[in-house]
Amino acid sequence: MLDRLTTGLEFQTQALALRAERQRLLASNIANADTPGYQAKDMDFARALREAVGQAPGQASVTHAAHLSQSPNGLATSTRQFAIQAQTNLDTNGVDMDRERAAFADNTLRYEATLRFINGSVRTTLDAMRSHNAAV
């Protein structure tokens, strides 16, 4: 019974965790904007989400804990990638602050939207479970 209640939130939960991970990557890029030799990192969010919910084509199933190594937060390392450099710098720093700020703001809005979807789903479930005879 509890599985039915949580299954509906599984997709949004995975999306929220991936948004948080992407936010961490973008914040790391911004923090290292002046670090010589630092290469900006990003993730293919759509691919990471497909892998997280098990819809990736050709995805191997895990039958033993030692078969596939994943990062501690559950994000497969294959979804992380270096961001494409818009221009070259003399210190070989690959952070484009305009792109990073825009991506950070976009990801923040999507993170907030995902939180609102989860909040709405929980509120709807709680309303459905509430007795119609309860005092308002």
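Being 4 residues apart in helix α3, R116 and E112 are separated by about one helical turn. In this predicted model, the two side chains form a salt bridge, with the closest N and O atoms 3.3 Å apart. The two partners fall into separate accessibility classes. R116 has a relative accessible area of 59% and is therefore exposed, the cut-off being over 50%. E112, at 36% relative accessibility, counts as partly exposed.

An arrangement of this kind also occurs in helix α2, which spans residues 45-52 and contains both E51 and R47. These two residues are 4 positions apart, about one turn of the helix, and they form a salt bridge in which the closest N and O atoms lie 3.3 Å from each other. R47 is partly exposed, with a relative accessibility of 32%. A further salt bridge joins the side chains of D127 and R130, with an N to O distance of 3.4 Å. D127 has a relative accessible area of 41%, so this residue is classed as partly exposed. The structure holds 7 salt bridges, including those between R116 and E112, E51 and R47, and D127 and R130.

The secondary structure of the protein chain consists of 3 helices and 2 strands. Read from the N terminus, the order of these elements is α-β-α-β-α. Helix α1 covers residues 2-31, helix α2 covers residues 45-52, and helix α3 covers residues 97-129. Among contacts in the protein chain with a separation of 6 or more, 79% are accounted for by residues 24 or more positions apart. A pair distant in sequence is provided by A17 and Y111, which are separated by 94 residues along the chain, whereas their C-alpha atoms are 9.1 Å apart in space. A17 is located in helix α1. Its relative accessibility is 45%, and A17 therefore counts as partly exposed.

The protein chain has 136 residues, of which 25% count as buried. The area exposed by the chain is about 9,600 Å², and carbon and sulfur atoms supply 56% of this area. On the surface, L2, L5, V122, L126 and M129 form a nonpolar patch, with about 470 Å² of accessible area together. Helices α1 and α3 each supply at least two residues of this patch, and α3 gives the most, with 3 residues. M129, one of the patch residues, is placed in helix α3. With a relative accessible area of 56%, M129 lies over the 50% cut-off and so is exposed.

According to the UniProt record, an unreviewed entry, residues 9-39 are covered by the annotation "domain: Flagellar basal body rod protein N-terminal". Over residues 9-39, the chain is 74% helix and 0% strand. The C-alpha atoms at the two ends of this segment are 35 Å apart. A17, in helix α1, has a position within the annotated range of residues 9-39.

How values were computed. Residues are numbered from 1 along each chain as its sequence is written. This is a predicted model: local features need pLDDT of at least 70, side-chain atom pairs count only at pLDDT 80 or more; totals for chains, interfaces and linings use all residues. Side-chain values use heavy atoms; hydrogens and water are left out. Buried means under 20% relative accessible area, exposed over 50%, partly exposed in between (1.4 Å probe, protein chains only). Patches are made of residues with over 30% relative accessible area and no salt bridge: like charges are joined within 9 Å, nonpolar side chains (Val, Leu, Ile, Met, Phe, Trp, Tyr) within 5 Å. Accessible areas come from the Shrake-Rupley method with a 1.4 Å probe; for residues, only the protein chains shown count as cover. A salt bridge is a side-chain nitrogen of Lys or Arg within 4 Å of a carboxyl oxygen of Asp or Glu. UniProt positions are given in the numbering used here, feature names are shortened, and annotations may be inferred rather than shown by experiment. Contact means heavy atoms within 4.5 Å.
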